[in-house]
Structure formats: C-alpha cells, structure tokens
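Here's a walk through one chain, going from the overall fold down to a few individual side chains. Keep the viewer open and follow along.

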Amino acid sequence: MLKVKVLRLGHSATTIDVPAGTTIEEGLAANEIPKEGYSISVNGLGAGPATALGDGDVVTLVPKVEGGR
C-alpha cells in the first residue's frame, strides 16, 4: 500500500492508503473525498484525476475561483 497525504483548503490534512497504480480519482473516491470544484496538484505540480499516485505523494485540492470581469 502507498501512503498519500491529501491537503484540502479548510480541512485537516488526511493520509490515505491506496494500492499501487491507483489514480487520484480512484483514491479520493475510495476515501469519500470530493474532487468536484477543486483544482488538483500533486507535489506542487498540476495534475488531473487520471494521474497515478506514488508513495509519499502530496495531493493538494484548492477550490476553483471563477467569475470576475
């Protein structure tokens, strides 16, 4: 099992255990962490839901900012 830290603005940091080859989308869904409305990065780099996770990765979820003129 891989240990992955999930940081979500406004929530406590969470460490999740996922099998090798798990994507961000699969890991978040299995741990009931919503991804809708968030921008995703892994280890400080932009990532998408299909990005595979590695041991020790840090997934950061930041609310998307929309609007303005």
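## A tour of the chain

Let's start in a loop: E32 sits in the stretch between α1 and β3. Bear in mind that this is a predicted model. The backbone at E32 has a phi near 55°, which is a positive value in a residue other than glycine. The side of the story you can see from outside is simple: E32 has a relative accessible area of 72%, so it counts as exposed.

There's another residue with this kind of backbone angle. N43 also has phi near 55°, again positive and again not a glycine. You'll find N43 in the loop between β3 and β4, with β4 covering residues 45–46. N43 has a relative accessible area of 46%, so it falls in the partly exposed class.

Now zoom out. The chain contains 1 helix and 5 strands, and reading along the sequence gives the pattern β-β-α-β-β-β. Its C-alpha trace spans about 45 × 25 × 20 Å along the principal axes. What would you expect for the radius of gyration of a compact globule with 69 residues? The expected value is near 11 Å, and the chain comes in at 12 Å, which agrees.

What about the inside and the outside? Buried residues account for 30% of the 69 residues. The chain exposes about 4,400 Å², with carbon and sulfur atoms supplying 53% of that area. As for how the chain folds back on itself, take the contacts between residues at least 6 apart in sequence: 49% of them join residues at least 24 apart.

For a look at the interior, pick V4 in strand β1. Is V4 buried or exposed? Its relative accessibility is 0%, so V4 counts as buried. Leaving out residues up to four places away in sequence, V4 touches T14, T15, I16, V18, L53, G54, D57 and V59. One of those partners makes a handy distance check: V4 and T14 are 10 residues apart in sequence, and their C-alpha atoms are 8.3 Å apart in space.

Next, the charges. The chain carries 6 positive and 8 negative side chains, and the centres of the two sets lie 9 Å apart. Side chains of opposite charge can pair when their charged atoms come close. How many salt bridges does that give here? The count comes to 3.

Take K3 and D17. They form a salt bridge in which the closest N and O atoms are 2.9 Å apart. This pair links distant parts of the chain, with K3 in strand β1 (residues 2–8) and D17 in strand β2 (residues 14–18), 14 residues apart. Neither end is hidden away: K3 is partly exposed at 48% relative accessibility, and D17 is partly exposed at 39%.

Then move over to E25 and K35, whose side chains meet in a salt bridge at 3.6 Å, N to O. Here, too, distant parts of the chain are linked: E25 belongs to helix α1 (residues 24–30), while K35 lies in the loop between α1 and β3 (38–42), 10 residues apart. E25 has a relative accessible area of 41%, so it is partly exposed.

K35 has another partner as well. E36 forms a salt bridge with K35, and the closest N and O atoms are 3.6 Å apart. Put together, E25, K35 and E36 are linked in a network of salt bridges. E36 has a relative accessible area of 58%, so it counts as exposed.

Finally, have a look at R8, which is found in strand β1. Which side chain of opposite charge is nearest to R8, and how far away is it? The nearest is E36, 8.7 Å away, and R8 is buried yet has no salt bridge. A salt bridge needs a side-chain nitrogen within 4 Å of a carboxyl oxygen. Instead, the neighbours that R8 touches are I33, P34, Y38 and L61, not counting residues up to four places away in sequence.

Definitions and conventions. Residues are numbered from 1 along each chain as its sequence is written. This is a predicted model: local features need pLDDT of at least 70, side-chain atom pairs count only at pLDDT 80 or more; totals for chains, interfaces and linings use all residues. Side-chain values use heavy atoms; hydrogens and water are left out. Helices (H or I, at least four residues) and strands (E, at least two) are DSSP runs, numbered from the N terminus. Buried means under 20% relative accessible area, exposed over 50%, partly exposed in between (1.4 Å probe, protein chains only). The radius of gyration is taken over C-alpha atoms; the globule rule is 2.2 Å times the number of residues to the power 0.38. Contact means heavy atoms within 4.5 Å. Accessible areas come from the Shrake-Rupley method with a 1.4 Å probe; for residues, only the protein chains shown count as cover. Lys and Arg count as positive and Asp and Glu as negative; His and the chain ends are not counted. The place of a charge is taken as NZ of Lys, CZ of Arg, CG of Asp or CD of Glu.
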